[in-house]
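User: I should like to learn how to read a protein model, feature by feature. May we begin with a single residue and its contacts?

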Amino acid sequence: MSGLFEKSLCQRQSIATTILQSAVERQRLANAYLLIGREIADKWLIARQLSCYLNCLERADGKLDCQSKVDGTGTKSGSLCQNCRWIADDKHPQAWLILAADESSKTGKLAVEKARLLLEELSKTSQYIRTVVVPDAAQENFHRPAANALLKTIEEPGPSCLFLLFATQMEDVLPTILSRCQVIPVLQSAGSATADVSPNEALTNEIKINFDIRKATLSDALGWSAGLLEIAQQGIEPKLIIDIVVSSEIERLRGAAADDSAIALYLSRLLQLAEASKLQMEHFVQPRFALESFAIAWQELGSVRRH
Ligand SMILES: [Zn+2]
């Protein structure tokens, strides 16, 4: 199956695209996915390309789907089918549904009435796979009344409906919503598999030293962070060190994450830890403390996973 996601998107978002592609191939898409991270543009690309693929008329005709006509430079070599065109233009009245607060909303919250209108729309039969995107699933926006109206539908949306929710981090989302979604990490482009931008191969290998954090004790973790600090003192940006360790863990588990939503969740949490540490460094926390707290948090995360 070649056409689900653009090649460049697959390279930037290897975890998310692997998980979704594998679910589509096995016809085992979840009812709802929560895309976590700060990379908003890539979340939209993932949602749109998935919706196009599911609704592509060319593919339904047994031909090559429209996405496969896109070459490496993003140019389409043929015309797109009507569904793909409308989804690309945000105009598909049934297959591409966006649930967002009105710009005029004084509170910034999603009106319950909009959630009800969506329910009404979803209760109609449709020939399309309806993709519902909630671009801001944080509870400040997707608050309890609106969320409650949709809980049952998110849990059992019916055969031709798929929810894609976006949030920066899991903690922002109501637990009742979170528990009904499969969590997928969307990487920040600067933090995705960046091993090739590392300055020195020997040091990179030293950073990647096979450290199985899941079996580590607290003092192992501290020792490990001290080792990382020494490497940083040899002139490697500490933020890059974090990117390198996290991308090697992603590389190791990417395939498994497609089959096991607990692993996808673990990687999502690890990415959040990495982002928090990098943010600390941007706010002038000493690299030593930032690396230490990263190592400790990862070790804790690892011990949660072990049990
Ligand atoms: Zn198409």
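Analyst: Please note that this is a predicted model. Let us begin with Pro93. Leaving out residues up to four places away in sequence, Pro93 touches Trp86 and Glu121.

User: Where does Pro93 lie?

Analyst: Pro93 belongs to the loop that runs between helix H5 (82-88) and strand S2 (96-98). Sequence separation and spatial separation can both be read for a pair of residues. Pro93 and Asn83 are 10 residues apart in sequence, and their C-alpha atoms are 10.0 Å apart in space.

User: Does Pro93 count as buried or exposed?

Analyst: The label depends on relative accessible area, and exposed means over 50%. Pro93 has a relative accessibility of 51%, so it counts as exposed.

User: Which residue would show the opposite case?

Analyst: Ser51, in helix H3, is a suitable example. Buried means under 20% relative accessible area. Ser51 counts as buried because its relative accessibility is 0%. Not counting residues up to four places away in sequence, Ser51 touches Ile87, Ala95, Trp96 and Thr131.

User: Thr131 appears in that list. Which residues are in contact with Thr131 itself?

Analyst: Setting aside its neighbours within four places in sequence, Thr131 is in contact with Ser51, Asn55, Ala95, Trp96, Leu97, Leu162 and Leu164. Thr131 lies in strand S3 (residues 130-134). Its relative accessibility is 0%, and therefore Thr131 counts as buried. Thr131 and Asn55 are 76 residues apart in sequence, yet 9.6 Å apart from C-alpha to C-alpha.

User: How should I read contacts for the whole chain?

Analyst: One may ask what share of contacts joins residues far along the sequence from each other. Among contacts between residues at least 6 apart in sequence, 77% join residues at least 24 apart. The protein chain has 307 residues, and 48% of them count as buried. Its accessible surface comes to about 15,100 Å², with 50% belonging to carbon and sulfur atoms.

User: How many helices and strands does the chain contain?

Analyst: The protein chain has 13 helices and five strands.

User: How does one read the two faces of a strand?

Analyst: In a regular strand, side chains alternate between the two faces of the sheet. Strand S1 (residues 32-36) offers a case in which five of its five residues are buried. Ala32, Leu34 and Ile36 are on one side of S1, with Tyr33 and Leu35 on the other. Both faces of S1 are covered. In S5, Gln182 and Ile184 point one way while Val183 and Pro185 point the other way, and all are buried.

User: Which strands pair with S1, and in what sense?

Analyst: S1 and S4 pair in the parallel sense, over five bridges. S1 is also joined to strand S5 (residues 182-185) by four bridges, and these two strands run parallel. Individual residues can then be matched across each pair. Tyr33 stands opposite Leu164 in S4, and its bridge partner in S5 is Gln182. Leu35, in turn, stands opposite Ile184 in S5.

User: What should I look for in the backbone angle phi?

Analyst: Most residues other than glycine have a negative phi. Gln27 has a positive phi near 55° although it is not glycine. This residue lies in the loop between H2 and S1. Gln27 counts as exposed because its relative accessibility is 74%. Asp90 is another residue that is not a glycine and has a positive phi, of about 65°. Asp90 lies in the loop between H5 and S2. With a relative accessibility of 45%, Asp90 counts as partly exposed.

User: Finally, how is a pocket described?

Analyst: One may give its volume, its lining residues and their classes. The largest pocket holds about 310 Å³ of space. Its lining has 15 residues, of which Gln27, Leu29, Leu54, Ile129 and Pro159 lie nearest its centre. Gln27, discussed above for its positive phi, thus returns here.

User: Which elements supply the lining, and which classes of residue are present?

Analyst: Helix H2 (14-25), helix H3 (40-55) and strand S4 (161-167) each supply at least two lining residues. By class, the lining has nine nonpolar, three polar and three charged residues.

Methods:
Residues are numbered from 1 along each chain as its sequence is written. This is a predicted model: local features need pLDDT of at least 70, side-chain atom pairs count only at pLDDT 80 or more; totals for chains, interfaces and linings use all residues. Side-chain values use heavy atoms; hydrogens and water are left out. On a 1 Å grid over the protein atoms alone, a cavity is a set of points where a 1.4 Å probe fits but cannot get out, and a pocket is an open set with protein on both sides within 12 Å along at least five of seven lines; lining residues have an atom within 4 Å of a point. Grid points are joined across faces, edges and corners, and a volume is the space filled by probe spheres set on the points. Ala, Val, Leu, Ile, Met, Phe, Trp, Tyr, Cys and Pro count as nonpolar, Asp, Glu, Lys and Arg as charged, and the others, Gly among them, as polar. Buried means under 20% relative accessible area, exposed over 50%, partly exposed in between (1.4 Å probe, protein chains only). Contact means heavy atoms within 4.5 Å. Accessible areas come from the Shrake-Rupley method with a 1.4 Å probe; for residues, only the protein chains shown count as cover. Two strands pair if DSSP finds at least two bridges between them.
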